[in-house]
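Visitor: I would like to go through this structure with you, one question at a time. Please show it first.

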Amino acid sequence: NVLPISEYSPETYIEAVNVCESAGMEVVIIDSISHCWDYLLEYHAGLMGNSFVNWAKVTPRQNAFIQRILQSRCHVICTMRTKQDYVLNERNGKMVPEKVGLKAVMRDGVDYEFTVVLDIDLKHHATASKDRTGLFMGRPEFTITPAIGESILRWCNSESRPDAVNGPGFQMSRTVEEQPKQYSNNNYQNHKYYGNDAYAQGRN
């Protein structure tokens with residue numbers, strides 16, 4: 001089932017989650033929550049007056065959206081775009097921008113709200129940058145398969161140790177080269193897969 005939305009305001013996303021819950025959906029995939037942040041940035045830019053003070057009109061709307069995801073009865077998977085991130089470093093007396101990897105197109109710190117954060121590269125390989133389940137941190141990069149989702153679901157239902165919920169189909173012990181090449185035709189680019197059960201971040 002696909003629920004199209006006409007605008008990307010936090011309130012629209014919240015209502016969409018409400019509709020999915022009312023329809024009895026067990027899993028909701030939001031692709032992507034970066035659109036909501038872009039909407040809020042544009043809204044903030046159009047406000048008159050002090051820019052810092054005007055964030056008081058934006059932050060509560062953003063927080064309400066994130067809290068609706070976290071409090072949902074459904075398992076929620078979100079995607080986010082990424083962009084190149086830079087920092088300014090001094091070099092020969094001048095401040096020079098340097099690349100420091102990819103950054104999610106979303107408010108800073110949003111990843112702390114979720115249970116699992118998986119970075120997915122252009123070759124569909126995933127690595128965990130945050131993992132409260134203990135299933136993925138410190139493991140080699142891997143391809144997301146149905147067995148990965150089943151392991152997360154078992155953790156959600158049991159709150160047990162990772163070795164107690166890894167079923168026979170769980171493939172985290174395999175290297176990328178050893179894993180079956182499933183989803184090779186999917187149009188994924190760089191993504192993060194997060195979880196409240198999940199949130200994801202990608203680059204278009």
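Visitor: Why does the distance between the end C-alpha atoms of H4 agree with its number of residues?
Guide: This is a predicted model, in which local features need pLDDT of at least 70, side-chain atom pairs count only at pLDDT 80 or more, and totals for chains, interfaces and linings use all residues. Residues are numbered from 1 along each chain as its sequence is written, and side-chain values use heavy atoms, leaving out hydrogens and water. Helices (DSSP runs of H or I, at least four residues) and strands (runs of E, at least two) are numbered from the N terminus, and the expected span of a helix is 1.5 Å times one less than its number of residues. For the 12 residues of H4 the expected span is 16 Å, which agrees because the end C-alpha atoms are 16 Å apart, that is, 16 Å.

Visitor: Which residues of H4 are buried, and what do they pack against?
Guide: Buried means under 20% relative accessible area, exposed over 50%, and partly exposed in between, with a 1.4 Å probe and protein chains only. By that cut-off the buried residues of H4 are Arg61, Gln62, Phe65, Ile66, Arg68 and Ile69. They cover an arc (of the directions from the helix axis to the C-beta atoms) of only 155° around the axis, so they lie on the same side of H4. With contact meaning heavy atoms within 4.5 Å, these buried residues pack against H1, S1, H2 and S2.

Visitor: In the largest nonpolar core, which residues touch the most other members, and which element gives the most?
Guide: A nonpolar core is a set of buried Ala, Val, Leu, Ile, Met, Phe, Trp, Tyr and Cys residues joined through side-chain atoms within 4.5 Å. Of the 22 residues in the largest one, Ile30, Ile33, Phe65 and Ile69 touch the most other members. Helix H1 (10-22), strand S1 (27-31), helix H2 (34-45), helix H4 (59-70) and strand S2 (75-79) each supply at least two residues of this core, and the element that gives the most, with four residues, is H1.

Visitor: How many disulfides does a search of the whole structure find, and which cysteine sulfur is nearest to Cys20?
Guide: A disulfide is counted as a pair of cysteine sulfur atoms within 2.5 Å, and the search of the whole structure finds zero. Cys20 counts as buried because its relative accessibility is 16%. Cys20 is in no disulfide, and the nearest cysteine sulfur, 6.8 Å away, is that of Cys74.
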